[in-house]
Amino acid sequence: MSLIEQLGGYECAAYEYKNTLLADDFPYVIKATGTKFTRPELGDELLEHRRQHNIFEKGDPVVSRCADKETRIFTYQETIGKNILVKCKKGKGYCYPKKWFSHADDEEIKAGKRLEVKSEN
């Protein structure tokens with residue numbers, strides 16, 4: 001059972017992550033299972049869950065998967081219908097179809113750009 005499932009699902013785990021007053025290095029323990037984790041570990045699990053389920057939260061780094069769009073990393077702001085509002089480093093906002101975007105992976109975040117176009121076909 002994943003850490004997120006042990007905490008009662010994504011919403012409960014995200015609530016715990018966002019609303020804790022404890023330090024990042026303080027070890028949490030789930031009494032029912034004995035599972036130990038830290039706040040940064042929970043944050044990593046939440047991000048991986050969002051990547052797997054194509055869920056975006058404000059501040060998530062995203063990239064366009066369209067070959068004709070820019071290769072830079074954008075910051076997700078909000079969903080507007082079937083579109084998403086993203087911002088670039090310079091603060092300029094753009095609205096594109098949500099289906100064009102996915103989470104940036106760790107290598108892309110490190111490089112600061114999209115590394116390859118992943119086909120949706």
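**Salt bridges around Arg50 and Arg51**

Hi everyone, let's start with a pair of residues: Arg50 and Asp60 are both buried. Please keep in mind that we are looking at a predicted model.

What do these two residues form with each other? They form a salt bridge, and the closest N and O atoms are 2.9 Å apart. Now, where do the partners sit? Arg50 belongs to helix H3, which covers residues 39–53, while Asp60 is in the loop between H3 and strand S3 (61–64), so this pair ties together parts that are ten residues apart in sequence.

Arg50 has another partner to show you. Its side chain also meets that of Glu57 in a salt bridge, at 4.0 Å from N to O. Glu57 and Arg50 are both buried as well.

Let's move along to Arg51. This residue forms a salt bridge with Asp106, with 3.0 Å between the closest N and O atoms. Asp106 lies in helix H4 (residues 106–111) and Arg51 lies in helix H3, so here the parts tied together are 55 residues apart in sequence. Is Asp106 buried, partly exposed or exposed? Its relative accessibility is 49%, and because exposed means over 50%, Asp106 counts as partly exposed.

Now back to Arg50 for the wider picture. Through salt bridges that share partners, Lys18, Arg50, Glu57 and Asp60 are joined into one network. And how many salt bridges turn up in a search of the whole structure? The search finds six, among them the ones we have just visited.

Thanks for listening, and do have a look at the structure yourselves!

How values were computed: Residues are numbered from 1 along each chain as its sequence is written. This is a predicted model: local features need pLDDT of at least 70, side-chain atom pairs count only at pLDDT 80 or more; totals for chains, interfaces and linings use all residues. Side-chain values use heavy atoms; hydrogens and water are left out. Buried means under 20% relative accessible area, exposed over 50%, partly exposed in between (1.4 Å probe, protein chains only). Helices (H or I, at least four residues) and strands (E, at least two) are DSSP runs, numbered from the N terminus.
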